[in-house]
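Reader: I would like to go through this model with you and ask, for each term you use, what it rests on. Could we begin once the structure is in view?

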Amino acid sequence: MTINIELISETDLADESFNIVVKGLEPRTTYCVEMHLSDYYCINAPLLLDHNVMWKSTAIFLSDKDGIIDTSQTASISGSYKGVSEMGLFFNARPLNNKKGKLPSSLDRIPLRDCFGVEIKIKLGKDVVAEQSFVRRYMNLEIRYQDIYDKHFQGRLFYDEKLRKAPAVIIVSGSEGRIEKAQNIAQLLSSRGYICLAIAYFGLEGLPQNLERIPIECLEEAKDFLCHHPQVDNTKIGIYGRSKGAELVLAAQSILDDVQCLVLNSPSNVIFEGIKGKLNSHSSSWTYLQKELPYQRFQLGNFLLNRLFGKHIPKYNRARIDISKISSPLLLLGSDVDEIWEASSAIDDIVSHYNGQSILFRKYHETGHMLTVAYQPNHRYRKDWHLLMKESVDSWLATINFFNTHLKNM
């Protein structure tokens with residue numbers, strides 16, 4: 001009997017679950033299932049990880065009486081994970097080496113990976129008895145993209161040419177300032193009926209080179225660009241910000257308050273000092289109308305006391321973002337074990353000072369600062385991977401549902 005390998009999923013999008021079903025095996029026999037990922041981009045991996053690095057995971061299974069292994073029902077005995085999990089192989093994949101690549105300095109040289117390869121190998125002992133390749137996509141085949149250059153930002157616009165008067169989302173990533181992570185999020189959201197603009201706000205040619213004195217007008221310009229785009233409904237524009245990008249979004253909207261909804265992932269409720277290279281900039285991260293916004297100075301001693309002993313760092317009141325000026329609906333996502341900053345207490349402060357239309361928040365207990373796209377491997381945290389994966393799925397579904405509620409179902 002021929003061995004058949006199926007990858008079963010509702011869609012082939014990278015943020016959807018799938019299970020692997022192998023038929024035609026010898027009954028009650030131990031097999032090794034290997035998964036290899038090629039040309040794979042993981043938002044949780046180090047930014048400098050070379051795109052050519054292969055990812056791999058393995059699991060040992062005992063086929064059932066009919067010679068079938070189904071990852072949604074068959075327990076892994078050993079390997080990269082143990083137990084029953086249809087996404088166990090994928091979530092526990094790891095890069096085979098830590099080879100570093102060089103980051104392109106210009107937007108037009110930053111690669112756009114629209115899909116990645118999944119190769120499944122079935123081994124009996126040392127012999128490969130079957131193998132099959134599949135493709136998973138970061139964006140649907142209908143999605144197109146365009147590079148955008150403006151005064152204070154550079155971006156990539158993702159859109160389906162068939163859309164008319166569609167809702168739109170601006171995506172801003174963290175302290176890397178670049179577009180790689182933002183565009184990964186934008187690709188997946190654009191595949192769900194949004195026109196998405198992923199923006200870089202520093203670190204590329206034509207933009208500031210360091211995270212210091214960044215004009216919050218970058219978001220004002222991004223929104224203005226979308227408002228004048230012929231496919232966009234300019235009454236349905238939201239923003240997604242993560243980490244330092246969430247701080248930027250919150251600071252900007254406390255002044256501008258000009259979009260329909262905000263998703264803030266691992267946010268800060270204060271404006272922190274900028275960074276010049278690897279040092280404090282002795283200036284604010286953000287400006288408006290060429291004036292620095294008040295900021296909280298970074299002091300290494302206080303940071304270490306907070307990280308090591310949980311000692312609360314006193315906040316400079318003028319650096320607090322005025323949440324009361326924001327009326328847009330908010331979704332806040334964060335962890336009470338955030339290793340970068342106090343996202344949990346920031347969420348509490350935002351909730352307590354918010355006077356707007358609608359606010360939702362979700363706090364997580366296993367994942368730290370890296371709350372990102374569902375199912376993407378996350379090896380920063382040495383905790384229960386089942387819970388890490390569950391939290392990644394929950395936060396991503398909450399994001400999609402929130403945008404659907406406030407931009408599609410208005």
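Reader: Is the crossing of H2 and H7 left-handed or right-handed?

Author: The crossing of H2 and H7 is right-handed, and I should say at the outset that this is a predicted model, so every value below is computed from it.

Reader: What makes H2 and H7 oblique to each other?

Author: The axes of H2 and helix H7 (residues 385-408) come within 12 Å and cross at roughly 55°. Angles under 35 degrees would count as roughly parallel and 65 to 115 as roughly perpendicular; an angle of roughly 55° falls in neither range, and H2 and H7 are therefore oblique to each other.

Reader: Which pocket lining does helix H2 contribute to, and with how many residues?

Author: Helix H2 (residues 180-190) gives 4 residues to the lining of the second largest pocket, which is the largest share of that lining. About 390 Å³ of space lies in this second largest pocket, and of the 23 residues that line the pocket, the closest to its centre are Tyr41, Leu47, Leu49, His51 and Arg113. By class, the lining of the second largest pocket divides into 14 nonpolar, 5 polar and 4 charged residues.

Reader: How many cavities does a search of the whole structure find, and what makes a space a cavity and not a pocket?

Author: The search finds 1 cavity of 30 Å³ or more, and about 30 Å³ of space lies in the largest cavity. The term cavity applies because a 1.4 Å probe fits at its points but cannot get out, whereas a pocket is an open set.

Reader: Which residues line the largest cavity, and how many of the lining residues are charged?

Author: The lining consists of Asn44, Phe91, Thr367, Met370, Thr372, Gln376, Asn378, Leu388 and Ser392. By class, this lining has 3 nonpolar, 6 polar and no charged residues. Phe, Met and Leu count as nonpolar, so Phe91, Met370 and Leu388 belong to that class.

Reader: How do you know that E1 and E2 pair, and in which sense?

Author: Two strands pair if there are at least two bridges between them; E1 and strand E2 (residues 19-23) have 5 bridges, in the antiparallel sense, so the condition is met. As one example from this pairing, the bridge partner of isoleucine 5 in E2 is valine 22.

Reader: Why are E1 and E5 called edge strands?

Author: An open sheet is formed by 3 strands in the order E1-E2-E5, with antiparallel pairing. Strand E1 (4-8) and strand E5 (69-70) each pair on one side only, and that is what the name edge strand refers to.

Reader: What joins E8 to strands E3 and E9?

Author: Strand E3 (residues 30-38) and strand E8 (residues 115-124) pair in the antiparallel sense over 7 bridges, with cysteine 32 opposite lysine 123 in E8. E8 is also joined to strand E9 (residues 127-137) by 10 bridges, again running antiparallel, and valine 118 has phenylalanine 134 in E9 as its bridge partner. The hairpin of E8 and E9 has 2 residues between the strands, and glycine 125 takes a positive phi near 65° there.

Reader: Why do E10 and E22 stand at the edges of their sheet?

Author: This open sheet of 8 strands has the order E10-E11-E13-E12-E15-E16-E21-E22, with mixed pairing. Strand E10 (143-149) and strand E22 (359-364) each have a single partner strand, so one side of each is left without a neighbour in the sheet. On average, neighbouring strands of this sheet are turned by 15° against each other, direction ignored.

Terms used:
Residues are numbered from 1 along each chain as its sequence is written. This is a predicted model: local features need pLDDT of at least 70, side-chain atom pairs count only at pLDDT 80 or more; totals for chains, interfaces and linings use all residues. Side-chain values use heavy atoms; hydrogens and water are left out. On a 1 Å grid over the protein atoms alone, a cavity is a set of points where a 1.4 Å probe fits but cannot get out, and a pocket is an open set with protein on both sides within 12 Å along at least five of seven lines; lining residues have an atom within 4 Å of a point. Grid points are joined across faces, edges and corners, and a volume is the space filled by probe spheres set on the points. Axes are lines fitted to C-alpha atoms, for helices over the stretch in contact, and angles run from 0 to 180 degrees between N-to-C directions. Angles under 35 degrees count as roughly parallel, over 145 as roughly antiparallel, 65 to 115 as roughly perpendicular and the rest as oblique. A crossing is left-handed if the near helix is turned anticlockwise from the far one by less than a right angle, and right-handed if clockwise.
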